[in-house]
Each structure stands twice: as C-alpha cells, then as structure tokens.
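Reader: Hello! I am new to this structure and would love a close look at a single part of it, the open sheet and what surrounds it. Could you walk me through it slowly?

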Amino acid sequence: MMRQIVPASLLLALLAGCQGGPVQEAAADPAGAESVSSAATQASVTPPETEAEAGAPVDFADWLAGFRREARAEGISEATLASALDGVRYRPRVVELDRSQPEFVRPIWQYLDTAVSATRVTQGREKLAEHRDTARRMESRYGVPAEIIVAIWGIESNYGGNFGSFSTLDALATLAFDGRRRDFARGELLAALRIIESGDIAPRQMVGSWAGAMGHTQFIPSSFEAYAVDGDGDGRRDIWGSIPDVMASTANYLARAGWQAGEPWGVEVRLPDDFDYAQTELATRRSSREWAGQGVRALGGEALPAFDQASVIAPAGARGPAFLVGPNYRAILRYNNATSYALAVGTLANEIAGRDGIVAGWPRDEQPLARRQVREMQQALNARGFEVGAADGIMGPNTRRGLRAFQREIGVPPDGFATRRLLERLQR
C-alpha cells in the first residue's frame, strides 16, 4: 500500500498554522531572494545557521537525552546518535519563526509577480538548457514534464540559490522541544536520523529551512524517506548536491501524487457572464465536456483539455483570471497545498517552455483582508445568519459559501472573493 503523501514544503504551513484559500494565500515566496549561486556545490559549502545559543532552556539537554534514548530504542546506532546529536543546539530564532503569525498576507497577484518574475523565467530556461538531458530522462521515467520539474526547483529554492542554511537537526530538535507541533517535529527528527543512518547525507550537510524542509526542492525528512531517489546511480539520495537526484526525487514525488503523463495541469479560460461562481471550488469536479456545455471556453480559443475530473477556479473572483484545472494541478497541490503555489508552478513551467503565462488581468486595486478582518467578516456573516462556522481568520469553503450568499442578497456577482468594500457593507 502506498504511504500517505506529506507535502514536501507544506511543513512550513503546518508548523506556522497558515492555510489560505483562493481569495488570499498565506504562503510566502518559498524561493526568497532572486540571486542564484552554484546549485551543484552549495550544499557542501553552505555552513549551518550560526545563531548564538543564548536563551536555551535549561531542560533542553534533559529533553535531548530522553529523545536520544527513544532514538536508540528505534534502532538508531550509537555512531549516528553521536555524529548527529552531540552538536545539536537549541535555536531561539526557530521558535520565533514558528510562533510568528503574519497578520497581513500578500494577494495572489503579488505572490505570482515574484514567483514567476522575468528573472526567474530566464533562469529557468537556462537551468533547463544546462540540465536538459537529466530533466528529459526523468520526464521519460516518471511522466512529469521537464519544465514542471524545473519550475518546482525554481519556486522552492530559486534553483538552489536559497534553500536555507539552518541545520535541519537543530531546527527539528528545537521544534520538537518547544514548537507548536511537537509530536510532528519529533517524528521528522527521527526520520532525519534514519536518513543519516542510511548514509545518504552527513549531519553537517543536512541543511534547509527553519521548519526542517531540506535541499533544492525542500523535502521534509519523512517525504525524503518515502520519495527521494538516487538519480545519478552513486548509491546515495542527495537532494543537496546532486541535480539528478533532485530532479528524480521531485518527479517521483509528483508521479506518486497522481501525475497523469501527457496531460496539462490546466488552462486559462473565459467564463460566461451568467456563470455560477459557487462552482469555483476544487471539490466541484465535472468533465471538460460538461464545463464546455456551460459556456466555459479556453482563453486562446483552442479546445479544452480532455479532463474527466476538472475544476474551475477563480482565485480573485469575477474580476480576475479563471482556470480549468485537472489531476496534475491537484498533484502539484500535494506538494504544497496553496492555490498561489500551484498556479505559480504551472505558470512558471508554461513560460519556461515558451508558452503563454497568465493573460487576464488581476484586480490590483483591491486590497487583501488581514486575518483580523477575515475574522470580522466571519463574525458579521454569522450574525446575519449565513452560518460560516468558527471565526478563525481563514477564507475556507464555508466562509466563501456564506459570502456568496451575502453577495446574492445585495445583488453583486456571487464570486466569494473577499474585499474590504464587502466587509464594510457587511458591517453596515
């Protein structure tokens, strides 16, 4: 039986408690800065984060000793325990990042501006040309297009330019001791020890983000164990220094997540004026033929992709672009469950391959709601009888459903796109 897929880079959202909806995404740009360093050599030369140990709790050493006993009982050897845990340190910065809850989030178009910048497209084409044989070999083996593999590489770490410099062992030990999802982090720390035990990577070279996501395409340890692949045949799975391993592992992950070879991830579409936006949820799935029967048309005039199970999404409501998406879009979401992320990967892949990016404009005059304002909207919707559930500050399907009902009541397109103007009308 196939193991349950845990999104490789979703650990950031799991630990930070951030999950957005089509209106506003809580995801930050995973790739960070635009500069690029040598992807093939960075893992061997980047030192771990050198934060001072000041402020480490006095009982961290006791906790670590207890964890060490647990790891020993799980079969981790004394040699691995010594090499991996003897130098582990508590990182106050990791706790600070874990507990930070950004009140304001970027609208999806601002995220895409950075994630699919002209610089990143150009660099993606250069990386694909540089590693074309490897990428095509992985495409042939796993059915995942070369441009999709390269796009994930670009979004996750800016093609290796920024995959983090925290010691994964330090970060996960800190989170397992003092984080908000301690059991999860503890399990990931055990997985990291098993990776070291297997000989795939040395402890000092196991570096990544503050949340424990590692390497060029940001696998958490449990995902590494399940889906990382030795792509260069040297007997090790090295997602820090081997580009064949990086590409093979990424393609394998998507293939196991349900990628359908030969199908696109989706296509930008034009919706009819009378389209029912209540259907713009991923849970609503119809065949492309059925969507065409409702007047959904590809923006470029071509036939819609022949999807059996397709969804229409409109991340910025009636004033923004709309997309018909299929199984491969959902496979990308298994990597990182954010609409902005999946659209960024698909759009970047299209542009790397020389196809069009997103054509329709975004409603850039709209300002996203802060989490506090989403809570206020939820409270106001509940007060007016629209029953959206707990006021948690997350624009989920229940909140969008209630907002659409309110929009119908006031005679505006019921697209479920939350704006400050709608909040003001609700509060009046």
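**A close look at the open sheet**

Author: Happy to! The chain has 19 helices and six strands, and please keep in mind that this is a predicted model. Of its 428 residues, 56% count as buried. Take the contacts between residues at least 6 apart in sequence: 73% of them join residues at least 24 apart.

Now to the sheet. It is an open sheet of four strands, and their order across the sheet is β4-β3-β6-β5, with antiparallel pairing. At the edges lie β4 (297-298) and β5 (311-313), each of which pairs on one side only. As general background, strands of a sheet pair through backbone hydrogen bonds, either parallel or antiparallel.

Let us cross the sheet from the β4 edge. Strand β3, residues 266-270, is joined to β4 by two bridges, and the two strands run antiparallel. You can find both partners by eye: R270 of β3 has R297 in β4 as its bridge partner, while V269 is matched with A298 in β4.

On the way to β6, β3 is joined by four bridges, again in an antiparallel run. Here V269 appears once more, standing opposite A322 in β6. V267 stands opposite L324, also in β6. So V269 is a handy landmark: A298 is its bridge partner in β4, and A322 stands opposite V269 in β6. How enclosed is β3 by the rest of the structure? Four of the five residues of β3 are buried, so this strand is largely enclosed.

The next step takes us from β6 to the other edge. β5 and β6 pair in the antiparallel sense over three bridges. One position to look for is I313, which stands opposite F323 in β6.

Now pause on β6 (322-325) and look at where its side chains go. In a regular strand the side chains alternate between the two faces of the sheet. In β6, A322 and L324 point one way, F323 and V325 point the other way, and all of them are buried.

What lies around the sheet? A good neighbor to visit is helix α15, residues 327-335, which is mostly covered, with seven of its nine residues buried. Those buried residues are N328, Y329, R330, A331, I332, L333 and Y335. Which elements cover the buried residues of α15? The cover includes two strands of our sheet, β5 and β6, together with the helices α9 (146-157), α13 (243-256) and α16 (339-352).

One member of that cover, α16, leads us a little further out. Two packed helices are described by the angle between their axes and the distance between the axes. Helix α6, residues 108-115, packs with α16 at an angle of about 40°, and their axes are 10 Å apart. That angle makes α6 oblique to α16. The crossing of this pair is right-handed. On the α6 side, the residues that meet α16 are I108, Y111, L112 and A115, and on the α16 side they are T339, S340, Y341, L343, A344 and L348. By class, this contact has eight nonpolar, two polar and no charged residues.

For comparison, here is a second helix pair. The axes of α17 (residues 371-383) and α18 (residues 397-410) come within 10 Å and cross at roughly 60°, and α17 and α18 are therefore oblique to each other. In this case α17 passes α18 in a left-handed crossing. The contact is made by M377, Q378 and L381 of α17 with T399, G402, L403 and F406 of α18. Its residues divide into four nonpolar, three polar and no charged.

One last stop is A226, found in helix α12, residues 221-227. Is A226 buried, exposed or partly exposed? At 21% relative accessibility, A226 counts as partly exposed, because buried would require a value under 20%. A226 and S249 are 23 residues apart in sequence, and their C-alpha atoms are 9.7 Å apart in space.

To retrace the path on your own, start with the strand order β4-β3-β6-β5, then follow β5 and β6 to α15, whose buried residues they help to cover.

Methods: Residues are numbered from 1 along each chain as its sequence is written. This is a predicted model: local features need pLDDT of at least 70, side-chain atom pairs count only at pLDDT 80 or more; totals for chains, interfaces and linings use all residues. Side-chain values use heavy atoms; hydrogens and water are left out. Two strands pair if DSSP finds at least two bridges between them. Buried means under 20% relative accessible area, exposed over 50%, partly exposed in between (1.4 Å probe, protein chains only). Contact means heavy atoms within 4.5 Å. Axes are lines fitted to C-alpha atoms, for helices over the stretch in contact, and angles run from 0 to 180 degrees between N-to-C directions. Angles under 35 degrees count as roughly parallel, over 145 as roughly antiparallel, 65 to 115 as roughly perpendicular and the rest as oblique. A crossing is left-handed if the near helix is turned anticlockwise from the far one by less than a right angle, and right-handed if clockwise. Ala, Val, Leu, Ile, Met, Phe, Trp, Tyr, Cys and Pro count as nonpolar, Asp, Glu, Lys and Arg as charged, and the others, Gly among them, as polar.
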